[in-house]
Amino acid sequence: MVDNLDTRLAKLALKGDQRAFAEIVDLYKDKIFHLGYRMLSNRHEAEDVVQETFLRVYKSLDRYDPKQKFSTWIYRIATNLCIDRLRKRKPSFSLDAELNDQDSTDGYALIPGDERTPESEYLLTETQQLIHQAIDSLPDKYKTVMILRYLQELSLQEISDVMDMPVTTIKTRVHRGREFLRKKLESKL
């Protein structure tokens, strides 16, 4: 049985402890936002996904199985919400369209380094933008897996649990996603 802080907080929140639920929100709000932002490439939609995720978590706490990892359960909810949004906007989505909400920097570009020069900072930012654009251009089934694996740093088993797919399918999608990225980035980097 999995017994960690998340599970204890979920049990307390289920009994009506508002502070326990607030702690769950504090633990996961940034992680869910980053997941949503990477999958949807839109800050406002990512914020909506965060809110909707916690609404669903609150309403569904009685369905959480404490034998499973809480993080897997909440990531599954958030991932499914992102996938639903991607499906809804699919007809009007174009890889050539400019993103309305694209900032010149993101949280990853703001991480301080040891000895960065303006030139190295520019190159790093440019490289990160190329990689993020390449990830954004992946087909959804590969994009989701790549974001969960490399940006959210989930294990293959955790991704399998989140997406409710066999680990072998996840491995295949990670491999194919890397191949797509390699081909896209070979000419640019």
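**Group meeting talk: helices, a salt-bridge network and a pocket**

Hi everyone. Going from the N terminus, the elements of this protein chain run α-α-α-α-α-α-α-α. That pattern fits the count, which is 8 helices and 0 strands. Please keep in mind that what we are looking at is a predicted model. The chain has 189 residues, and 40% of them are buried.

Let me begin with one residue in the first part of the chain, Thr 7. You will find Thr 7 in helix α1, which covers residues 5–14. Is Thr 7 buried or exposed? Its relative accessibility is 0%, and buried means under 20%, so Thr 7 counts as buried. The side chain of Thr 7 has a partner, too: a polar contact of 3.3 Å joins it to the side chain of Tyr 64.

Now for the charged residues. How many salt bridges does a search of the whole structure find? The number is 10. I'd like to walk you through a few of them.

Start with Arg 85 and Glu 45, whose side chains meet in a salt bridge with an N to O distance of 3.5 Å. Arg 85 sits in helix α4, while Glu 45 sits in helix α3 (residues 43–60), so this pair ties together parts that are 40 residues apart in sequence. As for their surroundings, Glu 45 counts as buried at 16% relative accessibility, and Arg 85 is partly exposed, with a relative accessible area of 21%. The cut-off helps here: buried means under 20%, so 16% puts Glu 45 among the buried residues, and 21% puts Arg 85 in the partly exposed class.

Arg 85 also meets Asp 48 in a salt bridge, at 3.8 Å from N to O. Here again distant parts of the chain are linked, with Arg 85 in helix α4 and Asp 48 in helix α3, 37 residues apart. Asp 48 is partly exposed, at 36% relative accessibility.

Next, please find Glu 52 on the model. Glu 52 forms a salt bridge with Arg 56, and their closest N and O atoms are 3.1 Å apart. Why are these two separated by about one helical turn? Because Glu 52 and Arg 56 are 4 residues apart in helix α3. Both are partly exposed: Glu 52 has a relative accessible area of 27%, and Arg 56 has 39% relative accessibility. Now we can put the pieces together: salt bridges that share partners join Glu 45, Asp 48, Glu 52, Arg 56 and Arg 85 into one network.

My last stop is the second largest pocket, which holds about 180 Å³ of space. Which helices each supply at least two residues of its lining? They are α4 (70–89) and α6 (140–151). Helix α4 gives the most, with 5 residues. If you want to find the pocket on the model, look for lining residues including Asn 80, Ile 83, Arg 87, Lys 141, Thr 144 and Met 163. What kinds of residue are in the lining? They divide into 4 nonpolar, 2 polar and 5 charged.

And where does this pocket lie? Domain 1 (1–90) and domain 2 (122–188) both give residues to the lining, so the second largest pocket lies between them.

That's my tour. Thanks for listening, and do have a look at the model yourselves!

Notes: Residues are numbered from 1 along each chain as its sequence is written. This is a predicted model: local features need pLDDT of at least 70, side-chain atom pairs count only at pLDDT 80 or more; totals for chains, interfaces and linings use all residues. Side-chain values use heavy atoms; hydrogens and water are left out. On a 1 Å grid over the protein atoms alone, a cavity is a set of points where a 1.4 Å probe fits but cannot get out, and a pocket is an open set with protein on both sides within 12 Å along at least five of seven lines; lining residues have an atom within 4 Å of a point. Grid points are joined across faces, edges and corners, and a volume is the space filled by probe spheres set on the points. Ala, Val, Leu, Ile, Met, Phe, Trp, Tyr, Cys and Pro count as nonpolar, Asp, Glu, Lys and Arg as charged, and the others, Gly among them, as polar. Domain bounds come from an automatic or database domain assignment. Buried means under 20% relative accessible area, exposed over 50%, partly exposed in between (1.4 Å probe, protein chains only). A polar contact is a pair of N or O atoms within 3.5 Å; within protein, one must be able to donate a hydrogen and the other to accept it, and residues adjacent in sequence count only if both atoms are side-chain atoms. A salt bridge is a side-chain nitrogen of Lys or Arg within 4 Å of a carboxyl oxygen of Asp or Glu.
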